[in-house]
Amino acid sequence: MKDEKGKEGLDKVVLDATPDGEAIMRERDTQSRYRNKLSPFWKNLVVVISIAFVSYHMITSRFGMPDMVKHRAIHVAFILGLVWLYFPATKKSPRTRPSVVDLGLFAATLVMILYTWFTRDLFLKRAGVAVTSDYIIGAMTILLALEACRRAVGKGLLILVIVFLIYALFGPYFPGVLAHKGHSVQRLIYQMYLTGEGIFGMPIGVSATYLIIFIILGSMLEKSGLGKLFNDIAMSFGGRLTGGPAKVAVVASALVGMIQGSAATNVATSGAFTIPLMKKVGYKPYFAGAIEAAASTGGQFMPPIMGSVAFIMAEFLGVPYLSIAAAAIVPAVLYFGSVFIQIDLRARKLKLRALSKEEMPDVKQTILRYGQMMLPVILLVYLLIEGRTPLYAAFFTVLATWILSWVRKETRIGPKELKDVAVNSSRNILSIGVAMANAGFVVAILSITGLGVILADNIVKLSGGHLFIALVLSMLVSIVLGMGLPTSACYVIAASITVPILRAMNVPAFQAHFFVLYFSVISTVTPPVALSAYVGAGMANADPNKVGWAAFRLALAGFIIPFFFVYSPEMLLISDSAWLIVWSSVTAFIGIGFLAVAVEGYLIHTLRIWTRAIFLVAAIMMITPSLSTDLIGITAGALGILIIYLTRRKYIAKEGATLAVH
């Protein structure tokens with residue numbers, strides 16, 4: 001009875017107060033504006049292609065792949081084909097079927113993959129000598145990728161890629177250090193299509209191996225009910241606390257976000273339950289949307305899965321994925337700890353209530369129904385620890401998820417659910433895959449023109465040899481590039497540009513890549529283009545700008561922590577001393593607590609601006625890695641707490657009088 005009663009209370013809140021998540025995504029996110037009401041024939045065609053797409057990648061992940069370029073070309077062809085069916089060319093294009101132009105592009109995509117597959121071996125036998133038809137198909141493939149980028153990703157990345165292509169062609173006409181010898185149209189097509197760079201380069205290679213298989217795994221886990229398990233467990237632990245729904249949002253979004261691969265999607269799904277509950281207990285709509293946005297964004301660097309972007313870093317660095325997942329533990333705890341403390345302080349300041357028993361789910365029943373679906377995640381971690389490849393681990397985790405889903409009716413993944421998994425997985429990879437293909441152009445041009453080295457040298461000069469200035473400039477590059485881009489593509493482009501800068505300043509590659517990763521992720525809550533915050537605003541019916549800035553404040557720790565990856569590698573578990581790792585982690589956690597107090601301006605009572613400044617100094621000193629700064633931070637924090645203690649009666653009486661008046 002308790003379960004049914006709690007479920008009814010929860011469902012009523014959600015149905016009464018939540019806008020449609022998919023509609024919000026469609027309004028705010030270019031990547032979500034696909035045809036969702038295709039006529040039966042075209043819908044069935046999409047299903048068939050999606051099943052073929054997922055089946056191909058499942059088979060090749062276990063039994064081996066064809067020639068590298070052929071495999072990547074097949075991946076690109078599936079993606080482009082689905083883009084033409086899903087994404088209309090203009091607002092006036094038909095929404096229930098592809099247009100004649102779409103069908104023409106679909107046919108061109110078929111020509112591209114057939115030509116690439118059947119002529120690849122001949123090209124290699126000619127020792128890499130291209131013929132006229134190679135250049136024609138190559139030019140067509142580049143144009144197809146650019147048009148797909150316009151439709152499925154947006155104009156931001158499209159403009160960036162076109163600028164890079166123009167730079168590659170007209171190098172001698174650029175001023176000063178930017179000038180280079182330039183490349184002919186033929187040479188550029190050759191490099192972008194016929195080599196292992198460009199469209200078939202490393203970025204699409206990661207998409208065609210790791211990203212697609214983990215997106216399939218994420219879809220399987222979602223379909224099995226793991227998301228509900230995470231939400232209900234989070235609600236059972238956090239719901240009874242002051243301002244409980246906000247704490248539920250932090251925990252649930254961290255857990256769900258690591259398997260989502262998209263902060264904005266996580267906001268739309270998790271927010272459907274958490275945002276109405278936060279508003280109901282007293283959080284203002286803009287703050288409820290901001291909490292969900294900040295928490296969902298953090299899911300992208302939450303181990304063990306980290307939204308799949310960690311696999312790209314592993315490919316860049318040539319290190320085991322598990323090393324990256326382990327290194328991400330302390331930073332993730334610090335980030336979510338900061339968000340959690342801020343919302344707790346806000347709840348105490350506003351004297352918000354917890355959830356009632358009627359609003360709480362019966363977590364015992366949820367565990368009985370869905371608990372076995374935690375086993376695939378445990379299996380994934382075990383296989384990675386055992387040294388298995390990510391593809392091997394993901395394949396058998398997908399298989400285990402499907403088998404275990406049949407244990408109970410609520411989790412069962414039958415033929416219909418498998419079809420849904422295939423469709424959802426294929427649709428979820430489209431914007432990422434298109435972005436990665438176009439990111440390949442940028443990465444290749446950085447290499448063939450020497451632009452990467454030029455930018456690194458000049459930013460090092462601009463910084464005057466000061467590491468901190470170089471870090472700030474690299475942060476700005478990562479954030480600007482990340483505005484509106486999928487995390488994976490943002491990270492690839494930002495890492496290609498900024499990591500050489502940091503390496504020139506003698507920053508180890510591991511820390512440099514983590515630095516770029518964090519800012520690539522955090523860009524989704526950085527105004528003025530804060531995509532996950534804008535989705536949160538839509539879900540909460542709040543002002544997007546207010547949500548964006550509130551999410552920025554909640555995520556502030558995420559803007560500070562990466563700097564100390566560089567200065568304190570102990571945060572990434574890089575140290576021979578376990579004591580140093582523990583000390584750095586504990587002092588950093590105390591520091592983010594002080595930061596939360598400074599940002600929120602509350603601890604027992606509302607703080608004056610100069611008391612907040614003391615806590616801000618204490619926070620920065622505590623997070624900064626050295627014994628002397630830790631001592632300064634502890635002293636400043638103790639001073640702030642002493643001031644609060646000495647003034648508590650005065651402020652509590654004043655606030656009580658204010659409440660009595662109102």
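Colleague: What does it take for a residue to count as buried in this predicted model?

Modeller: Buried means under 20% relative accessible area, and exposed means over 50%. The model is a predicted one. F514 has a relative accessible area of 0%, so F514 is buried.

Colleague: How many aromatic pairs does the structure hold?

Modeller: There are 28 aromatic pairs in the structure. One of them joins F514 and F565.

Colleague: How are the rings of F514 and F565 placed, and what angle lies between the planes?

Modeller: Planes over 60 degrees apart count as edge-to-face. For F514 and F565 the angle is 80°, with 5.8 Å centre to centre, and the pair is edge-to-face.

Colleague: Which parts does the pair of F514 and F565 tie together?

Modeller: F514 is in helix α24 (residues 509–522) and F565 is in helix α27 (residues 556–567), so the pair links parts 51 residues apart in sequence. F565 is buried too, because its relative accessibility is 0%.

Colleague: Which residues form one aromatic cluster with F514 and F565?

Modeller: The cluster consists of F301, Y335, F336, F510, F514, Y518 and F565.

Colleague: What kind of aromatic pair do W579 and W583 form?

Modeller: W579 and W583 form a tilted pair, with 35° between the planes and 5.8 Å centre to centre. Both residues lie in helix α28 (residues 578–600), where they are four residues apart, about one turn of the helix.

Colleague: Are W579 and W583 buried or exposed?

Modeller: W579 has 57% relative accessibility and therefore counts as exposed. W583 has 30%, so W583 counts as partly exposed.

Colleague: Which charged residues lie over the face of a ring?

Modeller: R346 lies over the face of F287, 3.9 Å from the ring centre. R62 lies over the face of F63, at 5.9 Å from the ring centre.

Colleague: Why look for a nonpolar core?

Modeller: In soluble globular proteins, nonpolar side chains tend to be buried together. Here the largest nonpolar core has 223 residues. Those with the most contacts inside this core are V83, Y283, I291, M436 and F514.

Colleague: Which helix gives the largest share of this core?

Modeller: Helix α20 (residues 415–449) does, with 16 residues.

Colleague: What is V83 in contact with, leaving aside its neighbours within four places in sequence?

Modeller: With those neighbours set aside, V83 is in contact with A148, A152, L430 and V434.

Colleague: Which residues does the second, separate core include?

Modeller: That core has six residues, among them M235, A252, L277 and M360.

Definitions and conventions: Residues are numbered from 1 along each chain as its sequence is written. This is a predicted model: local features need pLDDT of at least 70, side-chain atom pairs count only at pLDDT 80 or more; totals for chains, interfaces and linings use all residues. Side-chain values use heavy atoms; hydrogens and water are left out. Rings of Phe, Tyr and Trp (its six-membered ring) pair if their centres lie within 6.5 Å; planes under 30 degrees apart count as stacked, over 60 as edge-to-face and the rest as tilted. Helices (H or I, at least four residues) and strands (E, at least two) are DSSP runs, numbered from the N terminus. Buried means under 20% relative accessible area, exposed over 50%, partly exposed in between (1.4 Å probe, protein chains only). A charge sits over a ring if NZ of Lys or CZ of Arg is within 6 Å of the ring centre and within 35 degrees of the ring normal. A nonpolar core is a set of buried Ala, Val, Leu, Ile, Met, Phe, Trp, Tyr and Cys residues joined through side-chain atoms within 4.5 Å. Contact means heavy atoms within 4.5 Å.
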